[in-house]
Protein chains: 2
Amino acid sequence: MNLAELGEFGFIERVRQAAPAGPGIQLGIGDDCAVLELPPGHLLLTSKDLLIEDVHFRLSWTDWHTLGRKSVAVNVSDVAAMGGTPRHLFLGLGIPVDTAMADLDHFLAGFLEAAGEYGAYLVGGDTCRSPGPLLISVTVEGSSPKAEVVRRDGARPDDAIYVSGTLGDSALGLRQLLAGQRADTFPVRRHLDPRAQVSLGRTLAARGLASAMIDLSDGLLGDLGHILAASGVGARLVEEHLPLSPDFREALVVDPKLADLAWAGGEDYELLFTVPPEKEPLLAEQAGACEVGLTRIGTITGAEEGMQILDCRGRLRRPAGRGFNHFRSGAA
Amino acid sequence: MNLAELGEFGFIERVRQAAPAGPGIQLGIGDDCAVLELPPGHLLLTSKDLLIEDVHFRLSWTDWHTLGRKSVAVNVSDVAAMGGTPRHLFLGLGIPVDTAMADLDHFLAGFLEAAGEYGAYLVGGDTCRSPGPLLISVTVEGSSPKAEVVRRDGARPDDAIYVSGTLGDSALGLRQLLAGQRADTFPVRRHLDPRAQVSLGRTLAARGLASAMIDLSDGLLGDLGHILAASGVGARLVEEHLPLSPDFREALVVDPKLADLAWAGGEDYELLFTVPPEKEPLLAEQAGACEVGLTRIGTITGAEEGMQILDCRGRLRRPAGRGFNHFRSGAA
C-alpha cells in the first residue's frame, strides 16, 4: 500500500493508533490541538527542528527506523540542554507521494521507540505531500521546575568547563559516509543514531551543578561560543583534555588534521556545561552514577580574554574556525 | 544582502531583534528551548502546520508579507477551534539559498504583524537551507482554563450546527488564481490572507456555548465529518441556509456547479460548532457582539442517520464528496 491509497486521514489514524497514551495528555492526536497538562509549578520548555532530506540526512545512508530515532534525539537534546524533562512530541511530515507505506511505518516505529526511551509521547503533528525532498519537522515540549532551568547565560569566570562523552565522532562518521565507507563503524553509528543526554541534563539541573549548558549540535567551538556570548565571558580550553574515542584516536594517527573535527564537528549531541568551582566536588560525587563520562576541558575566563586554546605544546592560541553555518557550507 | 552572506546565526539574531517580548516568556529566541509560563490552572494547547511551496502556496500568487500573515493564521486557527488563547509561536524555515533577505524581512514582518493581531509571540524556531521548495513549519502554543476546552467529540443529537462568516470564498479565490485572474478580489484575499476566529472561539468557550468545535480547513463536509465521527452522531444540513458572500452568489449565477465549493472547499478558517438547544438564546445574545456573522446551518441527529442535506427543492440527499486529502489530489 502507498500513501495515495491510504490517504492523509488514513495515515493520521494509523499514527494515532500506534502512539501510546501518556501522563498529562488529556487529548493527543485527533483534534485541532493536543490538550496537555504540565506538573504544577513547572515551566514549559519548547524547541523545534527541521530535518530535510539531502541537507540533514541521506536516505542512502540511513534506514528509516534509525532516521525516526534520530529525528527524536536531536530535538529532545534541546530539552536536555535546559535540564528539562521531555514530555510531548509533534511530528510534521512532508512526504514524497511515491513513498512506500512500509518505510513510513519503520520511521514511525523508530520515532516511537526513541520517544519511549526518553519518556516522551507523540501527541500531534501535520502530514502533507512534498513535491521535493522528505521533510521532517519535530517539535518537543518539556518541562522543568522553575528554579532548575539551566540557560546559556549563567557562566562566570573561574567556572570549570565540562563535556559529556567524546567529541568529533559524529563528524568523523559523516566523513566516513561521504567517503563511501558503508561499514557500521562506531563513528557512523554515532552520526546516524545519536543519543540525547536527557538523564545527565536532568541530574545537573536538579542538583544545581551547571551554571550554563548547551547541547553540542554545531561543534564544540561554535556551541561554546554561544555560551560565551550569552554569558559575557571568555574561555581557556586545554587541547589534551578533549575526550576522544578509541576510534577517533585511531583515525587521528592516520590523519592528524582530523583533530579539527573534535573542535568544530557537529552533531555529537553531548552536553557542554559550566560548573562553579565550589560545586565541582559535588559533580565528582554524581559523575559515577552518570551513564556517560564527564571530562573537564577548560575554564571560563573574563570576556576580554576571548576564546583561547592551550595546545599540546603548551602554547596558547586562538581557534581558527567556528561551528556549522547552514547557509555558508554544505551538510550531510 | 542574501542569506549566504548573513549566515544562519546572523538571520536568527535578526529575527530575535524583531520579535517583541511578551507576558509569560521567560526566555524567547536564543537558547536551546524557549522557557515559558502558562497562567495557573490553564491547559496547554499545541498544534503544528507545514506550509510547502507549490503545495500550500505559490510565490507567484502571494507577496511575502501576506504569506507571513497566512502562516500565522492557519496555525492560530487550530487554537481558536479549541476555544483557547494563542500565546507562543515557533517558526521553522527551510530557505532556498538564493532567497533575497528583503523577501524574508517582508515575510517576518507579516508573520509578526499577524502574531500581534492574535496576541501571540514568536519565541523560537529553526532555520536551515532547503535544496528544493520554501518550507514553512509553524507551531503554536495556546492555553485555556481547564473547564473551557472545546473538543470535537461533544456534539449531541438536537444540538444546532452553526458556522461563522461565509463558506467557499477561499476555494473560489483559489479557483480564480488557478484561472490566471490576478485581480485583488474578495475571494482571492480570503484565500491569501485568511483570518483566524480567535475572539469568537474564546467567547464560545468562555460562555460554555459550544458542545463541539472545529475550524474549517478541509471544507464544511470534511470538517463536519470529523465532528460527527468523534462525537458518534449524524447531521442534517439545510442547503439554503449556507452563508454565502455576495461575491460567491454572483459567481454561482454564472456557474451553479460552484456550489460544491461551499460544501467542500477548504481553507475558509471559519469556525464550525454545535450548540445545545437550551444555549441557543444565550448564543443569540452574544452574536451581536461578535466581529463575524453566525449562521445556523443544520441540526445534529443520531449516528444512524449519517450526514444528510435538505436541498433547495425540499429533498433529503446524501453528500457526494468529502474534504481535501493531501495524498489524493493536488492543491494550491
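**A two-chain model and its shared sheet**

Helix α4 (residues 101-118) of chain B lies across β4 (85-96) and β5 of chain B, and its direction makes an angle of about 155 degrees with β5(B). The model under discussion is predicted. The two strands beneath this description belong to an open sheet of six strands, arranged in the order β1(A)-β2(A)-β3(B)-β6(B)-β4(B)-β5(B), with mixed pairing. Its edges are formed by β1 (25-27) of chain A and β5 (121-130) of chain B, each of which pairs on one side only. On average, and with direction ignored, neighbouring strands of the sheet are turned by 20 degrees against each other.

The order of strands shows that the sheet draws on both chains, with β2(A) next to β3(B). At this junction, strand β2 (residues 34-36) of chain A and strand β3 (residues 42-52) of chain B run antiparallel and are joined by three bridges. Within that pairing, A:A34 has B:T46 of β3(B) as its bridge partner. The reciprocal arrangement is also present: β3(A) pairs with strand β2 (residues 34-36) of chain B in the antiparallel sense, over three bridges. Here A:T46 stands opposite B:A34 in β2(B).

How, then, are the two chains related? Chain A is superposed on chain B by a rotation of 180 degrees with 0.0 Å of shift along its axis, at an RMSD of 0.0 Å. This is the relation of a two-fold axis. In chain A, the C-alpha of A:G132 is the one nearest the axis, at 3.0 Å from it.

The contact between the chains can be described in the same terms. Of the interface residues of chain A, 100% are also interface residues in chain B, so the copies meet through the same surface. In this contact, 59 residues of chain A meet 59 residues of chain B. Strand β3 (residues 42-52) of chain A makes the greatest contribution to the side of chain A that touches chain B, supplying nine residues. That side of chain A comprises 27 nonpolar, 17 polar and 15 charged residues.

Attention now turns to the organisation within a chain. Chain A is divided into domain 1 (3-148) and domain 2 (160-317). The centres of these two domains of chain A, taken over C-alpha atoms, are separated by 27 Å. Across the boundary, 18 residues of domain 1 of chain A are in contact with 20 residues of domain 2 of chain A. On the side of domain 1 that touches domain 2 in chain A, α3 (64-80) and β4 (85-96) each supply at least two residues. The largest share of that side, nine residues, comes from α3(A). Its composition by class is eight nonpolar, six polar and four charged residues.

Two local features complete the account. In chain B, strand β8 (residues 212-215) runs antiparallel to strand β10 (residues 271-275), and four bridges join them. The bridge partner of B:M213 in β10(B) is B:F273. From β8(B), B:A212 and B:I214 point one way while B:M213 and B:D215 point the other way, and all are buried. In chain A, by contrast, A:A183 is exposed, with 8 other C-beta atoms within 10 Å. A:A183 is located in the loop between α5 (169-178) and α6 (186-192) of chain A. From C-alpha to C-alpha, A:A183 and A:R249 are 18 Å apart in space, and they are 66 residues apart in sequence.

Key: Residues numbered from 1 in each chain as written. Chains lettered and ligands numbered in written order. Predicted model: local features only at pLDDT ≥ 70, side-chain atom pairs only at ≥ 80, totals over all residues. Least-squares fit on C-alpha atoms with pLDDT ≥ 70 in both. Contact = placed C-beta atoms within 7 Å. Nonpolar A, V, L, I, M, F, W, Y, C, P; charged D, E, K, R; others polar. Pairing = 2+ DSSP bridges. Buried ≥ 20, exposed ≤ 12 C-beta atoms within 10 Å, placed from the backbone. Domains from an automatic or database assignment. Axes fitted to C-alpha atoms, helices over the stretch in contact; angles between N-to-C directions.
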